[in-house]
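Visitor: I would like a close look at one strand pairing in this structure, and then a careful walk through the metal sites and the enclosed spaces. Please take them in a connected order.

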Amino acid sequence: MSEKYNPQVIEQKWQQKWAADGLNRAVVDKTKEKHYAMTMYPYPSGDLHIGHWYPMAPSDTRARWMRMKGYNVLFPMGFDSFGLPAENAAIKRGIHPKAWTYANIERMRGQLRSMGPMFDWEREVITSDPSYYKWSQWFFLKLYDMGLAYKTLSPVDFCPHCNTTLAREQVWGEDRHCERCGTPVIKKELNQWFFKITAYADQLLDFSHLNWPERVHAMQKNWIGRSEGAEVIFKTEVGGHEIPIFTTRPDTLWGATFMVLAPEHPLVAELTSAAQRAEVETYVTQATRQTEIDRLATDKEKTGVFIGAYAINPVNNERISIWIADYVLMTYGTGAIMAVPSGDERDFAFAQKYNLPIPVVVAPKDWDGQPFIEAYTEPGRLVNSGLFNGYATIGKYSLDEWTPELAEQYSLPANLNLETEARHAVTRWLEQQGIGKFAVTYRLRDWLISRQRYWGCPIPMITCPTCGIVSVPYEDLPVELPEDVQFMPTGESPLKFHEGFRHVKCPQCGSENAERETDTMDTFMCSSWYQYAYMDPHWKDGQPLSRNDIPFNPNEGNYWLPVDQYTGGIEHATMHLLYTRFFTKAMHDMGLVPFDEPMNALFNQGIILGDDREKMSKSRGNVVSPDDLVQAYGADTVRGYLMFGFRWDQGGPWDSKGILGVQRFLERVWDLVMSEARRRGGEQRSRGAGEASAAQLRNLRRKQHQAIRRVTKDIEDFSFNTMVAGLMEYTNALSAARAAAPTLVNHPAWAEAIRTLVLLLAPGFPHIAEELWAQLGQPYSVHQQSWPTWDEELAKEDVVEIAVQVNGKVRDKIEVPTEIAEEEAKAKALATDGVQRYLEGKTPAKVIYVSGRLVNIVVK
Ligand SMILES: [Zn+2]
Ligand SMILES: [Zn+2]
């Protein structure tokens with residue numbers, strides 16, 4: 001029997017046994033309640049660092065805990081293996097992206113296994129495997145069949161360095177640089193595939209069935225950016241061109257004294273007068289050179305140019321001037337706005353600068369009839385607004401938000417409704433007049449999924465000179481990615497230059513002149529449905545697919561789905577976490593799943609930084625390698641430090657010294673439990689005579705039940721640092737109890753307390769727990785034991801009432817735990833009202849504590 005804790009030996013041993021026994025296989029068992037736990041799968045970048053372990057070790061701890069609580073737990077792992085870095089490596093180092101990717105997967109798989117997680121490796125998914133991506137293509141075809149995939153010419157952000165288009169989410173920072181390489185992006189017009197995520201905008205705003213962090217709800221809500229208002233048609237004075245605008249404040253239409261078009265608006269060239277042409281053209285050129293961020297910057301002075309044309313305000317037939325300004329974007333709304341300077345700060349500044357009229361239309365309660373010196377955007381009463389004069393407007397508030405308090409604040413009626421509130425009443429009137437209608441706009445754009453890249457999932461579409469765009473037939477999937485391609489940084493996919501791939505027979509008319517789509521899919525497409533692929537990654541391998549297929553084994557799916565607990569980073573809030581919700585809603589509409597949210601619960605962990613407080617990266621040289629740490633300390637210690645050293649939801653900088661504390665803790669646990677194992681084995685009898693006292697036994701049980709309660713609650717709350725602290729305290733309490741009463745170990749309660757320690761240890765420290773459990777002669781496996789439960793009565797602190805005296809006279813009484821330390825008892829006594837009254841600010845000469853009975857304070 002090994003005397004010293006030797007993690008390198010026991011971890012290898014148990015990992016091999018678990019694998020051989022299939023201990024972590026998740027098998028459908030309808031007699032048990034299921035728990036589908038999932039943590040975000042990694043990209044196989046080849047440099048797995050401790051930051052990759054940080055989300056996984058605590059997720060594994062919680063999944064293991066759920067298993068001990070009696071759930072049938074599925075906790076899978078896979079690799080998000082398509083993507084740019086593989087292709088960059090190919091261009092830079094001449095390695096084929098596939099070879100690079102699969103070598104990295106092989107290495108990372110070994111690294112992940114060394115941590116001892118309960119991943120069911122038989123369910124591993126690799127998104128670049130044809131057996132996986134044939135289903136990504138199948139989903140593409142289904143979305144296309146449903147009218148949710150379409151191709152259109154569209155200006156896209158383009159990274160000149162990576163030579164690829166980027167999704168809006170992949171453009172970062174004020175200077176709008178490429179997420180991958182930092183190069184500022186440029187605009188390019190390309191024919192692209194989009195998914196119509198906007199069709200689900202309203203459904204995506206419903207978070208009622210999700211137990212997700214409020215922060216993620218807020219970020220998605222803001223990203224979707226729904227606003228209600230009205231679409232109103234303005235007509236040009238000459239030519240009668242219709243210019244639709246969207247406004248959230250139709251009640252202020254009478255105050256619109258000019259309108260502003262985006263410089264790119266298609267009518268600008270036609271409407272511009274000869275006199276204004278030169279100035280307008282110069283302005284358009286400089287505006288299109290700027291980035292959207294620059295154009296929308298709030299601190300930037302607003303500029304614009306009159307184009308020499310007029311429009312008619314449809315509510316009062318007033319003639320208003322038409323301007324262009326760079327702060328109006330063609331990509332948002334209709335590319336045209338009505339400007340109401342008295343009700344909008346930006347329009348106010350613009351009108352002042354260019355001497356445009358600023359009539360008041362919403363009057364605050366104490367308005368003196370004078371012109372405004374700044375815009376007024378709050379609720380008030382309409383003036384100068386034709387037949388709506390006198391109507392109350394609640395401004396930016398909704399009728400639901402309109403409270404009696406607000407009504408009082410603005411001196412407006414509290415009981416407003418669709419007929420009496422100006423914004424609503426005007427919208428109905430516009431509809432009756434046929435000049436406008438209720439409308440909703442979203443900030444959310446459709447999801448651009450085309451990438452001009454090789455290492456991605458081929459888009460299963462064909463263009464035929466006769467038939468136009470044609471789908472690849474379902475039974476021809478997968479469209480396999482050819483391996484023999486040339487990597488040239490041309491800005492176009494290498495597939496475009498692969499004649500064998502590109503040329504294809506039209507599946508509809510048989511023409512020999514059809515061509516395959518040579519763009520590949522955004523990798524977020526692959527990760528939108530991977531939770532379903534885990535059901536059975538080799539479901540229908542080798543069989544032809546059909547339109548009516550199900551992309552996962554229904555026996556598995558009916559049992560495991562949806563995901564019960566997902567863990568991952570908040571940085572995915574408006575990308576992956578939105579896309580996978582969209583996918584699940586579309587799958588619901590395809591009749592594939594009975595639910596419409598992919599993951600019931602979500603927890604976001606923080607990020608672990610290098611010891612220099614910077615994000616870990618190879619280039620910074622601050623990467624901590626998990627392999628070296630496992631070599632030096634063992635996986636359990638590394639897992640323990642990742643949980644103990646940080647608040648999981650926050651993360652923080654790595655501290656190499658902190659790990660030693662966890663190492664010493666596990667050594668103490670080892671010594672404590674092994675001495676019990678030896679005692680059981682008859683190697684050592686405890687010395688000392690007599691039985692442990694009832695109070696000592698009660699104390700032992702109390703510590704045990706308190707530890708169970710605390711560790712249980714901490715794991716439930718994802719509070720892994722306090723979980724480890726609780727285990728440390730319990731270990732110390734056991735050592736202290738044994739030191740105070742050596743014969744305690746002869747009592748069965750001691751053996752139970754020790755077994756409890758090992759059980760509580762098991763989720764977080766799976767190897768040492770398994771070893772100690774075996775050393776205690778308990779049945780394999782500790783991970784299949786029931787999680788211990790606590791008894792509130794036993795966990796309760798014993799309390800006693802003690803007298804508080806001043807100069808020998810009882811002046812107060814306090815209730816304290818029986819075990820209270822002397823200093824704590826004295827402090828509590830001194831703080832009582834009774835004592836304070838008699839002290840009158842004086843410092844006591846002496847304080848005496850008689851354990852469990854009284855505190856006497858001597859004052860001179
Ligand atoms: Zn780039
Ligand atoms: Zn054809």
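**From a strand pairing to metal sites and cavities**

Guide: In this predicted model, strand β31 and strand β34 (residues 854–858) run parallel to each other and are joined over four bridges. Within that pairing, Gln805 has Asn856 of β34 as its bridge partner. Strand β31 (residues 799–806) also pairs with strand β32 (residues 809–817), here in the antiparallel sense and over eight bridges. One of the contacts in this second pairing is that of Val799, whose bridge partner in β32 is Pro817. The hairpin formed by β31 and β32 has two residues between the strands, and Asn807 adopts a positive phi near 50 degrees there.

From the strands we can turn to the metal sites, beginning with the zinc ion (ligand 1). Its coordination comes from the SG atoms of Cys159, Cys162, Cys178 and Cys181, at 2.3 Å. The angles among these four donor atoms are 102 to 114 degrees, and the site is tetrahedral. Along the chain, the donors of the zinc ion (ligand 1) are spaced as C-x2-C-x15-C-x2-C. Because Cys162 sits in the loop between β5 (149–159) and β6 (164–166), while Cys178 belongs to strand β8 (residues 177–178), this pair ties together parts that lie 16 residues apart in sequence. Both Cys162 and Cys178 are buried.

The zinc ion (ligand 2) has as its protein donors the SG atoms of Cys464, Cys467, Cys506 and Cys509, which lie 2.2 to 2.3 Å from it. Around the zinc ion (ligand 2), the four donor atoms subtend angles of 106 to 113 degrees, and the arrangement is therefore tetrahedral, given that the criterion for four donors asks for all angles to lie between 85 and 135 degrees. The spacing of the donors of the zinc ion (ligand 2) along the chain is C-x2-C-x38-C-x2-C. Distant parts of the chain are linked by the pair of Cys464, in strand β22 (residues 461–464), and Cys509, in the loop between β24 (503–504) and β25 (514–516), the two being 45 residues apart. Cys464 counts as buried because its relative accessibility is 4%, whereas Cys509, with a relative accessible area of 42%, is partly exposed.

The enclosed spaces come last. A search of the whole structure yields three cavities of 30 Å³ or more, and the largest cavity has a volume of about 140 Å³. Its lining consists of 16 residues, with Gly83, Leu84, Arg451, Arg453 and Thr523 lying nearest the centre. At least two residues of this lining come from each of α3 (84–93), β6 and β26 (520–521), and β6 gives the most, with three. Sorted by class, the lining of the largest cavity holds four nonpolar, seven polar and five charged residues.

The second largest cavity has a volume of about 70 Å³. Among the residues that line the second largest cavity are His35, Ala37, Met38 and Thr39, together with Gln565, Tyr566, Thr567 and Phe718. Two or more residues of this lining are supplied by each of β1 (34–39), α2 (50–68) and β27 (563–569), and the most come from β1, which gives four. The lining of the second largest cavity divides into six nonpolar residues, five polar residues and one charged residue.

Conventions: Residues are numbered from 1 along each chain as its sequence is written. Chains are lettered from A and ligands numbered from 1 in the order in which they are written. This is a predicted model: local features need pLDDT of at least 70, side-chain atom pairs count only at pLDDT 80 or more; totals for chains, interfaces and linings use all residues. Side-chain values use heavy atoms; hydrogens and water are left out. Donors are N, O and S atoms within 2.8 Å of the metal (3.2 Å for Na, K and Ca); water is not among the atoms, so sites may look incomplete. Four donors count as tetrahedral if all angles lie between 85 and 135 degrees; four count as square planar and six as octahedral if opposite donors are over 155 degrees apart and all others between 65 and 115; anything else is irregular. Buried means under 20% relative accessible area, exposed over 50%, partly exposed in between (1.4 Å probe, protein chains only). Two strands pair if DSSP finds at least two bridges between them. On a 1 Å grid over the protein atoms alone, a cavity is a set of points where a 1.4 Å probe fits but cannot get out, and a pocket is an open set with protein on both sides within 12 Å along at least five of seven lines; lining residues have an atom within 4 Å of a point. Grid points are joined across faces, edges and corners, and a volume is the space filled by probe spheres set on the points. Ala, Val, Leu, Ile, Met, Phe, Trp, Tyr, Cys and Pro count as nonpolar, Asp, Glu, Lys and Arg as charged, and the others, Gly among them, as polar.
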